[in-house]
Amino acid sequence: MRTYTLIAPAKINLYLEIIGDRPDGYHELVMILQTIELADRLEIRCNGIQGIQLHCNHPLVPLDQTNLAYRAAQLMSQEFPEAFGNYGGVDITIDKQIPVAAGLAGGSTDGAAVLVGLDLLWELGLTLPQLQRLGEKLGSDVPFCVAGGTAIATGRGEKLDPIPDLDSLWVVLAKYQNLSVSTPWAYQTYKKQFGETYLKDLKNIESRTSQINSGPLVKAISQKDRKKIGKLLHNDLENVVLPEYSQVAQLRNILQQAGGLGTMMSGSGPTVFTLCNSQAEAETIQQKARQEIKDPDLEFWVTKLSSTGIQVASV
Ligand code: C5P
């Protein structure tokens, strides 16, 4: 029986603006999302026992329904019961390289990889939009993770509009290994503090959402104006995460002072990143920051922006 090996890349947020509430309890967002080469590797194979089994090399990754990879397999088995019955159960092995609970969509990209992997394993022939619609049921970032590249994401984050790729830039990422931020906490706290500024009227929300297309960051990305891109990075969630987590605020300052095009927190954090012109620049920034903060708990990654989502590495 075949085994598929899939590459599941992480994402960073070049832009995250919270514009309102949604009736489903989520927030209306305007984001610019970007995949990076830092990636998990997943192996998916039939196990012949009708169940779903998850294995992972990382001790903090749950192996049950709380894992999006598991939920993706469950969803596929419910949507395609005949295929699930014909092929038997599925074994999923995750080689975790993306830091956990870091604001890098590590869980979402594993879920996206399982959708793509089972589509191939079960020979379903699903289209990209069909896979993305399934992804919406799992989480707001999953549809983006399926396709990857550079995209404007609106609504809950599931409505995607691809824009020109930025794959020639490099990035240095930094995260305290033992620090994680709860995404629901970050959004709820933001709502408590800034809820009064939310747009209420659907027309205003639609108009704000559409402004991003002609906004300065999208223009800078289309023109590949690296300096402007770095200056225009933005994340509303910094307003609640940085005051609460002083270590993250300090890390952000040190990375910013170390150079590069621009520094920002990704998603709900606590990962902070600096966009760079080259690998050499990213490595120099990493060394400078390491010298400033001598904490063995602080981890760094130097990687490139990427134009791809889930990729099949081998069959
Ligand atoms: O969709 P996902 O499960 O990744 O979202 C995680 C949490 O982030 C949600 O439970 C919600 O608290 C918050 N969120 C939100 N609005 C969004 C996306 C996420 O409030 N558009």
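**Ligand site and backbone geometry in a predicted model**

An oxygen atom of the ligand is placed 2.5 Å from an N or O atom in the side chain of Ser140, a polar contact in the sense of a pair of N or O atoms within 3.5 Å. The model is a predicted one, in which local features need pLDDT of at least 70 and side-chain atom pairs count only at pLDDT 80 or more, while totals for chains, interfaces and linings use all residues. Residues are numbered from 1 along each chain as its sequence is written, and side-chain values use heavy atoms, with hydrogens and water left out.

Backbone atoms also take part in contacts with the ligand: a nitrogen atom of the ligand lies 2.8 Å from a backbone N or O atom of His27, and a polar backbone atom of Arg156 is 2.9 Å from a nitrogen atom of the ligand. Taken alone the ligand exposes 450 Å², of which the protein buries 76% (accessible areas by the Shrake-Rupley method with a 1.4 Å probe).

The residues around the ligand, those with a heavy atom within 4 Å of it, are Tyr26, His27, Leu29, Gly139, Ser140, Arg156, Thr183, Pro184 and Tyr187. By class, this shell holds four nonpolar, four polar and one charged residues, where Ala, Val, Leu, Ile, Met, Phe, Trp, Tyr, Cys and Pro count as nonpolar, Asp, Glu, Lys and Arg as charged, and the others, Gly among them, as polar. At least two residues of the shell come from each of β2 (27–46) and α6 (183–194), and α6 gives the most, with three residues; helices (H or I, at least four residues) and strands (E, at least two) are DSSP runs, numbered from the N terminus. Because domain 1 (3–166 + 308–314) and domain 2 (170–305) both give residues to the shell, the ligand lies between them, the domain bounds being taken from an automatic or database domain assignment.

Two backbone features lie in loops. Most residues other than glycine have a negative phi, and most peptide bonds are trans. The peptide bond from Gly269 to Pro270, however, is cis, with omega near 5°, and Pro270 is found in the loop between β9 (262–265) and β10 (272–276). Glu123, in the loop between α3 (106–121) and α4 (128–136), has a positive phi, near 50°.

Terms used
A polar contact is a pair of N or O atoms within 3.5 Å; within protein, one must be able to donate a hydrogen and the other to accept it, and residues adjacent in sequence count only if both atoms are side-chain atoms.
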